[in-house]
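Open the model in your viewer and keep the selection panel at hand. The tour goes from helix packing to a surface patch and then to a charged pair.

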Amino acid sequence: MRAFLITGTDTGVGKTFIAYNLAYALKEKGIKVGYLKPVETDVRDLPADGSLLCSITGQEIKEAVPITYSLPLSPYAGILEEGKDFSLQELYAQMRRMQERYTVLMVEGAGGIAVPIKRDYDYTKLAKDWNLPVLIVARAGLGTINHTFLSVFYAKSMGLRVLGIVMNGFEGRDVSEKTNPRIVEELTGIKPLEVPRISGLLLPPDIRNALLNLIGL
């Protein structure tokens with residue numbers, strides 16, 4: 001059974017977009033893939049991220065997204081503001097059940113890797129407790145060097161295995177895009193996978209295959 005965490009350097013970097021393309025690529029290969037976003041925030045009706053991924057995996061929304069908050073905040077901030085707590089033990093038990101059900105299980109975080117899920121408990125601690133390697137999604141443009149280096153450094157300092165860095169949203173307009181991948185590789189020892197910004201949801205087949213390579217498939 002394979003399971004891993006898709007995390008990011010920040011909010012809005014494209015974690016769900018990358019998860020969608022990974023799920024599509026896995027389904028293309030006939031692999032039974034499951035998706036779990038333990039907590040999704042900014043949910044007024046149906047979870048947007050969970051609904052998108054369930055359209056590929058065929059899961060029920062409640063399995064894919066067991067906990068939701070209406071405010072666009074971190075999960076811990078959702079607890080503080082909305083007064084609705086949840087059990088980490090129950091989340092772990094659900095993850096273990098899903099590992100038995102699916103050949104590959106993708107777990108997606110909320111925001112960046114250091115975003116708190118509960119007090120003194122962020123996504124690095126979840127990945128460590130759940131024994132999940134991490135795939136880090138970063139922006140392509142200006143500012144990504146600092147965010148990416150710190151995310152990788154923090155993950156490794158917690159003993160996590162970093163599967164790769166996906167640098168998402170290359171457009172060719174920002175001059176920093178030319179040097180960011182090289183500098184990030186020099187700083188982290190990990191060559192980023194460069195992903196172009198596209199108008200739709202589905203990346204070209206060669207990039208989808210490159211994403212599969214990052215997770216060892």
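This is a predicted model. Start by selecting helix 1, residues 15–28, and helix 2, residues 48–57. Their axes lie 9 Å apart, and the packing angle is about 10 degrees. Angles under 35 degrees count as roughly parallel, so helix 1 is roughly parallel to helix 2.

Now show the side chains at this contact. On helix 1, pick T16, A19, Y20, A23, Y24 and K27. On helix 2, pick D49, L52, L53, S55, I56 and T57. Color them by class: seven are nonpolar, three polar and two charged.

Keep helix 1 on screen and add helix 9, residues 205–214. How do the axes of helix 1 and helix 9 cross? They cross at roughly 90 degrees and come within 9 Å. The range from 65 to 115 degrees counts as roughly perpendicular, and helix 1 and helix 9 are therefore roughly perpendicular to each other.

Select the residues that make this second contact. Helix 1 supplies I18, N21, L22, Y24, A25, L26 and E28. Helix 9 supplies R208, L211 and L212. Here the classes are seven nonpolar, one polar and two charged. Pause on Y24: this residue of helix 1 touches helix 2 and also helix 9.

Next, switch to a surface view. Select F149, L150, F153 and L187. Together they form a nonpolar patch with about 380 Å² of accessible area. Which helix gives the largest share of the patch? Helix 7, residues 144–157, does, with three residues. F149 is found in this helix.

Last stop: salt bridges. The count comes to nine. Zoom in on R101 and E63, one such pair, whose closest N and O atoms are 2.1 Å apart. R101 sits in helix 5, residues 88–101, and E63 in helix 3, residues 61–64. The two residues are 38 apart along the chain, and the pair links distant parts of it.

Conventions. Residues are numbered from 1 along each chain as its sequence is written. This is a predicted model: local features need pLDDT of at least 70, side-chain atom pairs count only at pLDDT 80 or more; totals for chains, interfaces and linings use all residues. Side-chain values use heavy atoms; hydrogens and water are left out. Axes are lines fitted to C-alpha atoms, for helices over the stretch in contact, and angles run from 0 to 180 degrees between N-to-C directions. Helices (H or I, at least four residues) and strands (E, at least two) are DSSP runs, numbered from the N terminus. Angles under 35 degrees count as roughly parallel, over 145 as roughly antiparallel, 65 to 115 as roughly perpendicular and the rest as oblique. Contact means heavy atoms within 4.5 Å. Ala, Val, Leu, Ile, Met, Phe, Trp, Tyr, Cys and Pro count as nonpolar, Asp, Glu, Lys and Arg as charged, and the others, Gly among them, as polar. Patches are made of residues with over 30% relative accessible area and no salt bridge: like charges are joined within 9 Å, nonpolar side chains (Val, Leu, Ile, Met, Phe, Trp, Tyr) within 5 Å. Accessible areas come from the Shrake-Rupley method with a 1.4 Å probe; for residues, only the protein chains shown count as cover. A salt bridge is a side-chain nitrogen of Lys or Arg within 4 Å of a carboxyl oxygen of Asp or Glu.
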